[in-house]
Amino acid sequence: MKLKKQVTVCGGAIFCVAVFSLYLMLDRVQHDPARRQNGGGNFPRSQISVLQNRIEQLEQLLEENHQIISHIKDSVLELTDTGAVSPSGMLPFRSANGSWVLPFDGRPTFLSVKPQDCQFAQGRRGQTDLQMLDVYSLLKFDNVDGGVWKQGFEITYEPGEWDSEPLQVFVVPHSHNDPGWIKTFDKYYTDQTQHIFNNMLVKLTEDPRRKFIWSEISYFAKWWESADMHKQEAMRKLILGGQLEMVTGGWVMSDEANVHYFAMIDQLIEGHQWLEKNVGVTPRSGWAVDPFGHSATMPYLLKRANLTSMLIQRVHYSIKKHFASSRSLEFMWRQAWDQKSGTDIFCHMMPFYSYDVPHTCGPDPKICCQFDFKRLPGGRVNCPWKVPPRAVVEANVAERAHLLLDQYRKKSKLFRSKVVLVPLGDDFRYDKALEWDQQYLNYQRLFDYMNSHPEMHVQAQFGTLTDYFTAVYKANNVPQGARPPDYPVLSGDFFAYADREDHYWSGYYTSRPFYKSMDRVLESHLRGAEILFSLAVAHARHTGMEGRYPTSDYTLLTEARRNVALFQHHDAITGTAKENVVIDYGNRLLHSLQGLKRVIINAAHFLVMKNKDVYRFYQTEPFLETDDRRATQDSLPQRTLIELDQSGPRYLVLFNPVEQDRLCVVTVLVNSARVRVLTEDGQTLPVQLSAQWSSASQMSAEVFQASFMVRLPALGLAVFHLYDSADTPMTLRSETLLRLSGRGQTAHAVDPLPLRSQTADPQPFYISTQALTLGFSGTTGLLESIRRKDDPQELKVQIQFVTYGTRSSKDKSGAYLFLPDGKAKPYSQKEPPVVRVVEGPLFSEVVALYQHFQQTIRIHNVPGVDGLSLDVTTMVDIREQSNKELAMRLVTDIQSDDTFYTDLNGFQMQPRRRLLKLPLQANFYPMTSQAYIQDSQHRLTLHSAQALGVTSLESGQLEVILDRRLMQDDNRGLGQGLKDNKKTANRFRLLLESRSTGNKVVDSGPTSFPSLLSHLTSAILNHEVIALPVLPKKRGIPPLHTFAPLTGALPCDFHVINLRSIQHQQDTHSPSPYTALILHRKGLDCGLETPNPGFNCTTTEGQLGLSSLFRNLDLQLLQPVSLSLMYSSPPMANDSSISLEPMEISAFRLKLR
């Protein structure tokens, strides 16, 4: 009742003020002295200027009136706010404990997670025969000399073993073409790859028994585009006739450690869509011979894309030996979280050291090398074992055939069927016509001899990968892709990889972190651009304005998809290419980032126009500015400065790429300390004004940071007005304290920002918000402790910086390998750091400035997701170091023992165990997006915006390598060290959560899941708000409004991976009427306390109605499709609900208009 009265009184006040101010306005216009100035003469012109003056005054008065009303509106809103009411009614104020209380928008938000949605994480898992964590526990990793097969054992067989069932041999010719490594993509293509395709056309056509496989569509597409119609038709005939098989069919053979699942899927779609459009073929088998370790995410994605079988090669030599000895090299690979067998895919692991010819025909490389006919005497390649190949002729064919068959038989003893796979190829092979003749003619003579001698009990032929798999299924009497009887089921992954001795390939998890970070920025932009473009085109169609919208932006999207896809290659994102190749990748990434910003700007322009009739697109005159700019491919972004002046407002459009509403702090750069921010409907927002620092202790006098809290619609755009206006009580200044060592350092304040300085003392100091209190070391300026508002005591969370050197022996760390010289040493520098402490109502931060890095830890004083974790940015610059790796180590009281958890590709969590029997470098794992440690009370998660190497070397620790500078090659073919380091910003979110009781039981299992809050934290870190200033226009800015594309909230365990416009079948430069919606339902651990996320969050047991999901658009087609869009199920009724299981990724073809 009391509240009603207050609202009535305030409503009355608004009415009175409005009437009174209109009266004043008219009064002022009537007594306008301008009317009396002009006597006679020139009557019409003076009348016009008087009218103009009056109109301008009226506009000004109306604006003032609007602002007065909006202030009163704010107060009314404040009175009805369900949150803390400040004493002043509407202004931010400091509470008794010193933390700021803000006038929030008082929308009540709720959290409702159904108990059924929590059962998945607790559920019993199906038993698998091989769980990789158990395999690691079991193995000795002792590296015993195995004879001719050095890392294996002696293989024997009985001569009569194949009498009843002859051995089937499939020799599979292949050429491994890296899309950039020692040479750039284009240089490789010009020098080698194009010749492979041209020779392939001629040589495969000569004999229908010849076969070949190819995997990198990036190269195939480049060749196709330059080939004439006859060549294209001949190539299509070879593929459709089964002589040439496209294996995996991705744009590249993707890395599996550093890549995010968004990009893994995207590069697969790009390759498959290209094949479908140009050749009409669907890949059936996966081929991954060169990625440095294998992730469990890949089999899941291939399975969802309808592939039936896959092959892997680079696996730790001890695991290969173990699997070979139990004939488990072929298995059904199942996801650890799969409770049944729906994710099973048949997988073949190659048994030996490499995919080259000496290591593929059998266990003895000295013999196998003699059957690599490119190495015939007189050529440029020879056999290191000193026995060269000999051409097969009548006189020696019998001896040669028996020698080779012995190897085939020995290899076949490692498998369960009497079918053997023998790859025949290497890097960039078959680029000369001579090699095609050498290999195919000599092998055909051997096959003809074997097949015409029944007493040898062998059937040998050239084959494709699918020919081999088909024969295995047939031999076992099961359908394609089904589990053969008694074949084992495996779950887990194959990291870290070692190819010999203690040479662990765990260095590349961090190598060249600058580009790993840039890749993720580009991925977020690609996803955002795809979604906005698809929505803009659909709305343009809906309003009949398709002809006026720049659908040609689709070309920019295609180009960006392909550049992102190219960078997922296992020598690109890994940081293992030559310096000039890295520059080429960098230029491609930058070019596409600029293109994507254009797509986003053009879509946002159309979508925020209130009246679409006045929409005009001018290629040369963009409506919006980009949020930031990068001067060169290897420079950090510089944020755009919004220049305010007295003439009127600057408009700002904010894009939220996350599929949930978002309450967060946004910071922009302005040229004035007198800044006021209004929402679209005229409410003034609290602004925190902070310094932009030009050096450690020097503020900029020209540029200021303005931070304000916003609520943004899911996947939507919101409009804000920025004014240069006299002081308003809603603009609050940050208070800055500089902690100096006292040696001649001085601080320079810039009016009006307060700045204090003091000599640093060893006492800890604190910053806090309503949710968190952080303690920092007085000596180092680094984090020491975290206390959550509902926890009685603080938890030790200490950040330390440590460095690793490299060995003094001949084998040293390089781009691939991590070979440290022992445990890490604490980072030290002579001078104490400068430490900056900034406090204010919206955020507080501590910046510690060291010689080789500077760390900023910021906390946001907002309710929900954005305020519950620490924003950690570590700027690293180790360009003057030599053979050093810099790591950030978290040291806590959490009793995590030897267990920690790292994500695989941002898709799933993989439990890890630190093993003392393994060297230090073997305990490092890839972290694409997060890692955590936990005990019965707490879980501490380090969320990462870039892929890096991570470990836990002691209980309670989590450690991440930030950058590595290495002066030498590590003998894996690169021929260079890592000396092209850049100044790199590593971005993290640190999240401390409380665990509910009774959760210890599941910690030993093969699965673990992030909490809902953790998933949401990852989303806001990886998909930052994009702030686009509207460029000032001479003709003025037409009315703009918020664009909220969704009618309601998505279930908050759903993630929109992509909303991707599908290519037009005829016109490659424009989109078809169809869009692919790719969704992922996340697995949740509900055993952590879930605070209010700051928006309405519900789960629905995986149900989602799509027909009314998109506001103001009609859904005309809803069709489930395979992950890469190649296979379609029958369309569903448009009003159907779709249903996803936890962890499921599904794709749908939509027609929206």
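This report describes the overall form of a predicted model and then some of its local features.

**Overall form**

The protein chain has 1153 residues, and its radius of gyration is 33 Å; a compact globule with that number of residues would have a value near 32 Å, so the two agree. Taken along the principal axes, the C-alpha atoms fill a box of roughly 120 × 70 × 55 Å. The secondary structure consists of 19 helices and 53 strands. Of the residues in the chain, 62% count as buried. The exposed surface comes to about 43,000 Å², of which carbon and sulfur atoms supply 52%. Contacts that link distant parts of the sequence are well represented: among those between residues at least 6 apart, 75% join residues at least 24 apart.

**Strand β20 and its partners**

Strand β20 spans residues 675–679, and 5 of its 5 residues are buried. In a regular strand the side chains alternate between the two faces of the sheet. In β20 both faces are covered, with Val675, Val677 and Thr679 buried on one side and Arg676 and Leu678 buried on the other.

β20 pairs with two strands described here. With β24 (residues 717–724) the pairing is antiparallel and runs over 5 bridges; within it, Arg676 has Tyr723 of β24 as its bridge partner. With β21 (residues 684–685) the pairing is again antiparallel, over 2 bridges, and Val677 is the bridge partner of Leu685 in β21. β20 and β21 form a hairpin in which 4 residues separate the strands, and Gly682 in the turn has a positive phi of about 90 degrees.

**Helix α10**

Helix α10 covers residues 297–304; 6 of its 8 residues are buried, and the helix is therefore largely enclosed by the rest of the structure. The buried residues are Thr297, Met298, Pro299, Tyr300, Leu301 and Leu302. Just after α10, Asn306 takes a positive phi of about 75 degrees.

**Backbone features in loops**

Two cis peptide bonds and two residues other than glycine with positive phi are set out below.

| Site | Backbone feature | Angle |
|---|---|---|
| Phe495 and Ala496 | cis peptide bond | omega about -10 degrees |
| Asp751 and Pro752 | cis peptide bond | omega about 5 degrees |
| Phe141 | positive phi | phi near 55 degrees |
| Glu501 | positive phi | phi near 45 degrees |

The loop between β14 (489–491) and α16 (513–542) contains Ala496, and Glu501 lies in the loop between β14 and α16 as well. Pro752 is placed in the loop between β26 (735–740) and β27 (755–759). Phe141 belongs to the loop between α5 (132–138) and β5 (167–176).

The two residues with positive phi differ in their surroundings. Phe141 has a relative accessible area of 13% and is buried, because buried means under 20%. Glu501, with a relative accessible area of 41%, is partly exposed.

**An annotated region**

An unreviewed UniProt entry places the feature "domain: Glycoside hydrolase family 38 central" at residues 503–589. Over residues 503–589 the model is 64% helix and 0% strand, and the C-alpha atoms at the two ends are 31 Å apart.

Key: Residues are numbered from 1 along each chain as its sequence is written. This is a predicted model: local features need pLDDT of at least 70, side-chain atom pairs count only at pLDDT 80 or more; totals for chains, interfaces and linings use all residues. Side-chain values use heavy atoms; hydrogens and water are left out. Buried means under 20% relative accessible area, exposed over 50%, partly exposed in between (1.4 Å probe, protein chains only). Two strands pair if DSSP finds at least two bridges between them. UniProt positions are given in the numbering used here, feature names are shortened, and annotations may be inferred rather than shown by experiment. The radius of gyration is taken over C-alpha atoms; the globule rule is 2.2 Å times the number of residues to the power 0.38. Contact means heavy atoms within 4.5 Å. Accessible areas come from the Shrake-Rupley method with a 1.4 Å probe; for residues, only the protein chains shown count as cover.
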